[in-house]
Amino acid sequence: MPVTVTDIEVRMGRAFEDAEKPRVEAFITDAAALIADYCGSRYNPDLPAIRAVLCAEVIRWLAMSPGIVSERVGEVEVQFGSAAVSQQLSPAARAALKRYRPNLSTIRLTRDGDAVR
C-alpha cells in the first residue's frame with residue numbers, strides 16, 4: 001500500500017482510534033485505485049506527489065459527513081445526497097495528477113501501403 005494510516009495520522013495531527021482505522025484503510029485503498037485508474041500506465045505509488053494527493057483525498061473524504069454533499073456556514077445551508085458522490089477525485093487532485101496521465105496521441109494506419117483516412 002502506497003500510504004498507511006500512520007501517514008494520514010501525521011498529516012492530520014492526531015492518532016486514530018482502533019475503530020476508525022478500518023475506515024481510513026478502506027479510503028486509502030479506494031483513493032489509490034481511483035488515482036491508479038486516472039494515471040493509467042504512468043501510475044507510480046512511490047512518487048511523492050502521488051502520495052501527497054492520495055493523503056489529501058483521504059483526509060478530504062474523512063472530513064465529509066456521510067450523506068452530506070455540501071455545507072455552508074453563512075445563512076446555514078446543507079445539501080444531502082448520495083455518499084458515493086464524495087468518493088471521487090476532486091478537481092484539485094485531478095489537476096495535480098494531470099502530469100502523470102498518459103499523453104494523447106494519434107497514430108497513422110496503413111493498409112497495403114495506402115494510408116487509411
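This report walks through the fold, helices, salt bridges and cysteines of a predicted model.

## The overall picture

Let's start with the layout. The protein has four helices and four strands, and going along the sequence they come in the order α-α-α-β-β-α-β-β. Of its 117 residues, 26% count as buried. The accessible surface adds up to about 8100 Å², with carbon and sulfur atoms accounting for 54% of that.

How do the contacts spread along the chain? If you take contacts between residues at least 6 apart in sequence, 63% of them join residues at least 24 apart.

## Helix α2 and its buried side

Helix α2 runs over residues 21-39, and its 19 residues should span 27 Å at 1.5 Å a residue. The C-alpha atoms at its ends are indeed 27 Å apart, so expectation and model agree.

Which residues of α2 are buried? The list is Val-24, Phe-27, Ile-28, Ala-31, Ala-32, Ile-35, Tyr-38 and Cys-39. They cover an arc of only 130 degrees around the axis, so they sit on the same side of α2. The packing partners of these buried residues are α1 (5-12), α3 (48-63) and α4 (91-97). Just past the helix comes Gly-40, with a positive phi of about 65 degrees.

## Helix α1

In α1, the buried residues are Val-5, Asp-7, Ile-8 and Glu-9. Their cover includes α2 and α3. As with α2, a glycine comes afterwards: Gly-13 follows α1 and has a positive phi, near 75 degrees.

Asp-7 deserves a second look, as an acidic residue on that buried list. Its relative accessibility is 17%, and the cut-off for buried is under 20%, so Asp-7 makes the list. Asp-7 also has a charged partner, which comes up under the salt bridges.

## Leu-62, a meeting point in α3

Leu-62 is part of helix α3, and it counts as buried because its relative accessible area is 16%. What does Leu-62 touch once residues up to four places away in sequence are set aside? Its contacts are Ile-8, Met-12, Phe-16, Arg-23, Val-24 and Phe-27.

Several names here have already turned up: Ile-8 is among the buried residues of α1, while Val-24 and Phe-27 are among those of α2. For Val-24 there is a distance to go with the contact: Leu-62 and Val-24 are 38 residues apart in sequence, yet their C-alpha atoms are 7.6 Å apart in space.

## Salt bridges

How many salt bridges are there? The count is four, and three of them are described here, beginning with Arg-51 and Asp-7, then Arg-14 and Glu-20, then Asp-18 and Lys-21. In the Arg-51 and Asp-7 pair, the closest N and O atoms are 3.4 Å apart. This pair links distant parts of the chain, with Arg-51 in helix α3 and Asp-7 in helix α1, 44 residues apart. Arg-51 is partly exposed at 24% relative accessibility, whereas Asp-7 is buried at 17%.

Arg-14 and Glu-20 meet through their side chains at 2.9 Å, N to O. Both ends are partly exposed, Arg-14 with a relative accessible area of 36% and Glu-20 at 27%. Asp-18 and Lys-21 form a salt bridge whose closest N and O atoms are 3.9 Å apart; the cut-off is 4 Å, so this pair still counts. Asp-18 is exposed, with a relative accessible area of 63%, and Lys-21 is partly exposed at 29%.

## Cysteines and a buried loop serine

What about the cysteines? Cys-39, in α2, is buried at 0% relative accessibility, and Cys-55 is buried too, with a relative accessible area of 2%. The structure holds zero disulfides.

One more buried residue is in a loop. Ser-90 is found between β2 (77-80) and α4, and at 10% relative accessibility it counts as buried. Beyond its neighbours within four places in sequence, Ser-90 is in contact with Glu-57 and Arg-60.

Technical notes: Residues are numbered from 1 along each chain as its sequence is written. This is a predicted model: local features need pLDDT of at least 70, side-chain atom pairs count only at pLDDT 80 or more; totals for chains, interfaces and linings use all residues. Side-chain values use heavy atoms; hydrogens and water are left out. A disulfide is a pair of cysteine sulfur atoms within 2.5 Å. Buried means under 20% relative accessible area, exposed over 50%, partly exposed in between (1.4 Å probe, protein chains only). Helices (H or I, at least four residues) and strands (E, at least two) are DSSP runs, numbered from the N terminus. The expected span of a helix is 1.5 Å times one less than its number of residues. The arc is that of the directions from the helix axis to the C-beta atoms. Contact means heavy atoms within 4.5 Å. Accessible areas come from the Shrake-Rupley method with a 1.4 Å probe; for residues, only the protein chains shown count as cover.
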